[in-house]
Amino acid sequence: MWRVVLSVIFSGLVVCQFFDCHDDPNFEPDEGPLTELQFTWLGALQYIHVKNGTPHYFRVPRVVLISRQFVLSTAVDAAHIPDGYALGNVVFGDYERDEAECKVSIEELAAGVECEPAVLLMPIADVLLHPEYKHFGTKTSIALLKLITTIKSTYMVPACLPFKNFLVGKNGKQTSEKIYHVDFVSDVPRDFLDEEKEVSRLHLLPRELCYLYENPTNATRGPKNRMACTTGCGFHSGSPCLVHEHTGHWSIVSIAQGGSPCPDPLRTRRPPSPPRHTLIHPYVPWITAAITGKAVGAFAKDDPFGYVMPRSSIYDILGHSWVGHWWMGGLRCHDRGEAAQDLFKFYHEVFQVKPVTFTYLTYYMEVSSAHETMIICVKVGMPYRLGQPKVWQLDSPEVKVQVPVVTFSNLYKFQIEAWAYNSTESETSSESSSTVESVSNEAGAEEG
């Protein structure tokens with residue numbers, strides 16, 4: 001049985017370039033327009049007229065923020081600029097400002113002052129084209145756009161890069177699960193203050209359909225395992241497809257190459273070719289090396305971004321930090337991929353308080369896990385960083401959590417979730433590995 005002990009204390013009185021990425025375990029959007037402020041890393045690339053300075057009237061490719069100073073786009077969008085135009089700005093329509101950029105204090109936010117999202121126009125400092133596009137003419141390749149400065153807001157968290165090919169299952173075949181596609185509602189976003197995003201769910205199509213309609217004289221160059229075709233139509237160049245990992249991370253699996261619009265249902269014509277997408281996983285080593293300057297061969301096996309996750313007992317000291325609106329209590333809250341296969345979420349609860357006067361609040365919790373499981377991570381999600389949570393006694397069956405909140409007077413809510421692992425499975429795996437090692441040593445001694 002899960003056991004949660006909660007005590008509330010009131011006293012009435014007159015919140016890595018690649019390491020920190022979009023992590024929201026409880027956000028599962030439905031298809032259609034988004035009603036919440038999410039996917040703020042989605043932006044648009046503007047082409048500016050060289051004479052009158054106006055943006056292009058119909059070509060507005062999409063880009064994705066993957067670090068605080070780099071966005072991901074298709075190579076064609078970065079290199080093939082319309083005649084009479086030049087690369088302009090990268091626009092983020094839902095730029096979520098933090099307290100410093102809003103120039104408001106924590107006390108003012110607690111009193112009800114709002115910090116509305118803004119529109120960020122960021123000039124481009126450099127363009128990095130993938131070598132396969134520059135030297136081999138692979139038009140389905142990618143490019144990196146370096147922004148003139150880093151994104152300052154702590155709430156603008158980049159999207160995650162994939163650590164594996166999520167579109168291929170364990171049997172080596174394409175997955176049958178749906179993937180998320182995120183884009184702006186308008187074909188040509190103009191007023192980004194009122195621009196909305198929409199989410200759709202896509203299925204993968206057999207790879208042969210990607211080349212069924214292709215003219216042999218204009219055949220696509222480059223490895224065909226870097227391409228994928230999906231259901232849907234009318235996708236815009238650079239719009240991303242994502243998967244939601246079980247750890248809560250939103251990973252980009254592909255970006256659209258654009259294509260023909262949706263056919264008119266009143267006219268019977270030959271169906272257009274399916275939308276094509278460029279897979280991102282094969283390019284992750286080049287992306288990380290181009291941004292960080294780190295040799296590709298130096299990346300850890302279970303983490304393509306060069307971070308080796310320590311496995312020590314000092315979880316109460318390391319890894320306690322903020323990632324956007326989430327406070328990560330424990331080093332293993334950042335784990336992904338093979339390093340997070342043993343983690344599972346067993347507790348999640350939303351707390352909401354509406355005071356009638358100025359109130360100081362401190363939540364104190366004791367969370368106990370089931371038999372033979374160890375709690376290794378506690379995450380606290382808050383709309384603003386009105387307090388500094390604390391957690392101790394991690395890597396044990398019972399942890400203690402304290403969430404202090406400064407004096408506030410309006411409705412405030414936050415959420416807490418706890419992650420654990422099965423201690424018996426970890427012991428079994430370690431014993432089996434040690435047994436195999438001892439057997440191999442004995443065999444080597446006998447041969448000697």
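# Reading strands, sheets and helices

Mentor: Let us begin with one pair of residues: Cys229 has Arg276, in strand S15, as its bridge partner. The model is a predicted one, in which local features need pLDDT of at least 70, side-chain atom pairs count only at pLDDT 80 or more, and totals for chains, interfaces and linings use all residues. Residues are numbered from 1 along each chain as its sequence is written, and side-chain values use heavy atoms, with hydrogens and water left out.

Trainee: How many helices and strands are there in the protein?

Mentor: Helices (H or I, at least four residues) and strands (E, at least two) are DSSP runs, numbered from the N terminus. This protein contains 6 helices and 23 strands.

Trainee: In which sense do S12 and S15 pair, parallel or antiparallel?

Mentor: Strands of a sheet pair through backbone hydrogen bonds, in either sense. Two strands count as paired if DSSP finds at least two bridges between them. Here strand S12 (residues 227-230) is antiparallel to S15, with 3 bridges. Strand S14 (residues 250-256) also pairs with S15 in the antiparallel sense, over 3 bridges. Within that second pairing, Ala256 is found opposite His277 of S15.

Trainee: Which residues of strand S15 are buried?

Mentor: A residue is buried under 20% relative accessible area, exposed over 50%, and partly exposed in between (1.4 Å probe, protein chains only). In S15, which spans residues 276-279, Arg276 and Thr278 are buried on one side, and His277 and Leu279 are buried on the other. Both faces of this strand are thus covered. For the protein as a whole, 48% of its 448 residues are buried.

Trainee: In what order do the strands of the barrel stand?

Mentor: The barrel is closed by 6 strands with antiparallel pairing, in the order S3-S4-S5-S8-S7-S6. From one strand to the next, the average twist is 40 degrees. Helix H5 (residues 284-292) packs on this sheet, where it touches strand S5 (70-74), strand S7 (118-129) and strand S8 (142-147). The direction of H5 makes about 25 degrees with that of S8. For such angles, axes are lines fitted to C-alpha atoms (for helices, over the stretch in contact), and values run from 0 to 180 degrees between N-to-C directions. Contact means heavy atoms within 4.5 Å. One of the pairings in the barrel links strand S3 (residues 42-49) with strand S6 (residues 85-95), antiparallel and held by 5 bridges. There Tyr47 faces Leu87 in S6.

Trainee: Which residues of H5 are buried?

Mentor: They are Val284, Trp286, Ile287, Thr288 and Ile291. Their cover includes S5, S7, S8 and helix H4 (131-136). Just after the helix, Gly293 takes a positive phi of about 75 degrees.

Trainee: Which residue in the loop between helix H2 and helix H3 should I examine?

Mentor: Examine Lys103, which lies between H2 (99-102) and H3 (106-110). Although Lys103 is not a glycine, its phi is positive, about 60 degrees. Lys103 is exposed, because its relative accessible area is 76%. Asp395 also has a positive phi of about 60 degrees and is not a glycine. Asp395 sits in the loop between strand S21 (390-392) and strand S22 (398-408), and counts as partly exposed because its relative accessibility is 27%.

Trainee: What is the order of the strands in the open sheet?

Mentor: The 5 strands of this open sheet follow the order S16-S17-S20-S23-S18, and their pairing is antiparallel. Strand S16 (321-323) and strand S18 (344-353) are at the edges with a single partner strand each, so one side of each has no neighbour in the sheet. Neighbouring strands of the sheet are turned by 25 degrees on average, direction ignored. Antiparallel strands S18 and S23 (residues 412-422) are joined by 9 bridges, and Tyr347 stands opposite Ala418 in S23.

Trainee: Is Pro389 buried or exposed?

Mentor: Pro389 is buried because its relative accessible area is 3%. This residue belongs to the loop between strand S20 (373-381) and S21. Leaving aside residues up to four places away in sequence, Pro389 touches Trp322, Trp327, Val380, Met382, Gln402, Val403 and Pro404. The C-alpha atom of Pro389 is separated by 7.3 Å from that of Val401, 12 residues apart along the chain.
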